[in-house]
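Biologist: I should like to go through this structure with you, beginning with the ligand site. Please reason each answer through before you give it.

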Amino acid sequence: MAYRNLRDFLAKLQKEGELKRITAEVDPVLEVTEITDRVVKGGGPALLFERPKGSGFPLVTNLLGSERRINLALGADSLEEVASRVHSFIDVQSPRGLLDKVKMLPKLAELGSFFPKTVRHGECQEIVKTEGYSLNSLPILKCWPQDGGRFITWPMVITKNPMTGKRNVGCYRMQVFDERTTGMHWQTQKNGAEHYRSVGERKAERKLEVAVAIGSDPCTCLSGILPVPPDMDEFLFSGFLSGKPVELVQCKTVDLEVPANAEIVLEGYVEHGELRTEGPFGDHTGFYSLEGQYPVLHLTCMTHRENPVYLTTFVGRPLQEDYFIGHAIERIFLPVMKMQYPEIVDIAMPAEGVFQNLMIVAIKKTYPGQARKVMNAIWSLGQAMLTKVVVVVDHDVDVQNSREVLWKSLCAIDPERDIQFVLGPVDTLDHAARLQDFGSKMGIDATRKWREEGYSGRWPDEIKMDDSTKKRVDAMWSQLKIGQSKNK
Ligand SMILES: Cc1cc2nc3c(=O)[nH]c(=O)nc-3n(C[C@H](O)[C@H](O)[C@H](O)COP(=O)(O)O)c2cc1C
Ligand SMILES: [Mn+2]
């Protein structure tokens, strides 16, 4: 069921009425954003701009900007279905007896079948250009008015850990500086930044090779965004998600491999210590991230398919496409979180919290202080460490319903008692932090308080009508001739 490449998925979207082709000429400078912004917020389809101004190549936006398209991408009817598949794999890890071990074998063999495979030839190298090429040939967006320039927004940036040789794939925006030079927006705590720093510890050869793949089958496109642990290959995980191993080809000028089915590949290197002003950029917080000093990528080669389709996205005031992607990732990784922290019942990151600002966690509290333990767990868990506000509620709060969370949490707190501040790493994009990358975070324990936690009152029950009264009222409802809904 896996898609062969980006076009194969576009064809599926077209068949499902989830793709709109735009034949009019549209400028990648601002116009594509304004059009797509209206479409995303209206719940509309993916957009294929066939004639971006100034480029011979078409561009796609809003590829995964709805739950339905995310499901189509993942080949599932719902995110719960994907989550339970993830769960069934992690669940086999601790076999109890011989029988369990035997039962586990097929699962593990299946997992093995998702390891990326190296192939000889790839569509992404149909055209190879080591000379006379230019980034200006691509329809790269300038997203928002105050942006410092054009930005490649959905790259899979591939590097190898200089110490271990292990691959990392990350989606980091790249500002176009000139025809063959870009910025590399590695935020401080990300894996790409770690590779960059570790190349700086070398005495000689302080260069880090970089390959950038743009546009692929949709699960592979997600690989750069997935917050997998540093030592796990994102391509293994995206192969697992699509049900088919990612096929890789060797690059032409660097010792790295890229997805064979990519539309466009940029190869090059970053020299440790060379920094350049990057930004501003209209970011997913809904505000501009201002100029900063970031590494510079020098291209050595560009390869692409014949007539490549340029895949891009942009961020801004929520809702945007990244919300749907982030939400899917949240659902897919929830079983992993639950395995580590079994008291977690559900989590939510409402769009307005722009991922790093707010996480609401429902827990089944079984011992005193557990809400605080969970906050600390979140602040030590991969990228979730950057979460500015963690709200912990009881298991009977529907965290997906922000109004219910506001109501019940505010009723449940004695602010001075229930709020906890900590200092630590914060998101690079947090413009309110006292220092770049460092600041405070807040946890709110909005669970019912126990005697063992020093609460001496009686915690009241939530008001609910009893079932027998409801049934009697249901029965008499039509005679009352009030109309409206019978039962709320
Ligand atoms: C559209 C989009 C753009 C992103 N841009 C950046 C970026 O410029 N810099 C960055 O550090 N992370 C960016 N991210 C987030 C990273 O892709 C994400 O944190 C990823 O898991 C990082 O991978 P890593 O843990 O291997 O570093 C972006 C995410 C999306 C969806
Ligand atoms: Mn990674």
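Biologist: Which strand and which helix each supply at least two residues of the shell around ligand 1?

Modeller: In this predicted model, 18 residues surround ligand 1, and Cys171, Tyr172, His185, Asn191 and Gln383 come nearest. At least two residues of the shell come from each of two elements, strand S8 (167–170) and helix H6 (191–199).

Biologist: How do the residues of that shell divide into nonpolar, polar and charged?

Modeller: Polar side chains do approach the ligand: an oxygen atom of ligand 1 is 2.7 Å from an N or O atom in the side chain of Gln383. For Glu234, the corresponding distance from an oxygen atom of ligand 1 to a side-chain N or O atom is 3.4 Å. The shell as a whole divides into 6 nonpolar, 9 polar and 3 charged residues.

Biologist: How far is an oxygen atom of ligand 1 from an N or O atom in the side chain of Tyr172, and what share of the accessible area of ligand 1 does the protein cover?

Modeller: Tyr172 is among the residues that come nearest to ligand 1. An N or O atom in the side chain of Tyr172 is 2.6 Å from an oxygen atom of the ligand. On its own, ligand 1 has 640 Å² of accessible area, and the share covered by the protein is 88%.

Biologist: Which residues coordinate the manganese ion, and how many residues apart are they?

Modeller: The manganese ion (ligand 2) is coordinated at 2.1 to 2.2 Å by Asn168 through OD1 and by Glu234 through OE. The pair links distant parts of the chain, with Asn168 in strand S8 and Glu234 in helix H8 (residues 234–242). The coordinating residues are thus Asn168 and Glu234, and their separation in the chain is 66 residues.

Biologist: Are Asn168 and Glu234 buried or exposed?

Modeller: A residue counts as buried under 20% relative accessible area. Asn168 has a value of 2%, and Glu234 likewise has 2%. Both values fall under the cut-off, so Asn168 and Glu234 are buried.

Biologist: Turning to the strands, which residue of S17 is the bridge partner of Arg276?

Modeller: Strand S14 (residues 264–278) pairs with strand S11 (residues 207–214) in the antiparallel sense over 8 bridges, and there Lys207 stands opposite Glu271. S14 also pairs with strand S17 (residues 292–304), again antiparallel, over 11 bridges. In S17, the partner of Arg276 is Tyr294.

Biologist: In the open sheet of 3 strands, which strands stand at the edges?

Modeller: The order of this sheet is S4-S12-S13, with mixed pairing. Strand S12 (residues 247–250) pairs with S13 in the antiparallel sense over 3 bridges, and Gln250 stands opposite Glu257. Two strands have a single partner strand each, so one side of each is left without a neighbour in the sheet. These edge strands are S4 (117–118) and S13 (257–259).

Biologist: With which side chain does the side chain of Lys365 make a polar contact?

Modeller: Lys365 lies in the loop between strand S20 (358–363) and helix H10 (370–378), and at 7% relative accessibility it counts as buried. A polar atom of the Lys365 side chain lies 2.7 Å from the backbone oxygen of Arg448. The side-chain partner, at 2.7 Å, is Glu453.

Biologist: Thr181 counts as buried; what is its relative accessibility?

Modeller: Thr181 lies in strand S10 (residues 181–183). The side chain of Thr181 makes a polar contact of 2.7 Å with the side chain of Asp178. The relative accessibility of Thr181 is 9%.

Biologist: Which residues does the cis peptide bond before the loop residue Leu319 join, and which does the one at Pro280 join?

Modeller: Leu319 lies in the loop between strand S18 (310–311) and helix H9 (321–340), whereas Pro280 is found in the loop between S14 and strand S15 (281–282). Omega is about -5° for the cis bond at Leu319 and about -5° for the one at Pro280. The joined residues are Pro318 and Leu319, and Gly279 and Pro280.

Biologist: Is Asn307, which has a positive phi, buried or exposed?

Modeller: Asn307 is found in the loop between S17 and S18. Its phi is about 45°, although the residue is not a glycine. The relative accessible area of Asn307 is 61%, and a value over 50% counts as exposed; Asn307 is therefore exposed.

Note on methods: Residues are numbered from 1 along each chain as its sequence is written. Chains are lettered from A and ligands numbered from 1 in the order in which they are written. This is a predicted model: local features need pLDDT of at least 70, side-chain atom pairs count only at pLDDT 80 or more; totals for chains, interfaces and linings use all residues. Side-chain values use heavy atoms; hydrogens and water are left out. A residue is near a molecule or strand if one of its heavy atoms lies within 4 Å of it. A polar contact is a pair of N or O atoms within 3.5 Å; within protein, one must be able to donate a hydrogen and the other to accept it, and residues adjacent in sequence count only if both atoms are side-chain atoms. Accessible areas come from the Shrake-Rupley method with a 1.4 Å probe; for residues, only the protein chains shown count as cover. Helices (H or I, at least four residues) and strands (E, at least two) are DSSP runs, numbered from the N terminus. Ala, Val, Leu, Ile, Met, Phe, Trp, Tyr, Cys and Pro count as nonpolar, Asp, Glu, Lys and Arg as charged, and the others, Gly among them, as polar. Donors are N, O and S atoms within 2.8 Å of the metal (3.2 Å for Na, K and Ca); water is not among the atoms, so sites may look incomplete. Buried means under 20% relative accessible area, exposed over 50%, partly exposed in between (1.4 Å probe, protein chains only). Two strands pair if DSSP finds at least two bridges between them.
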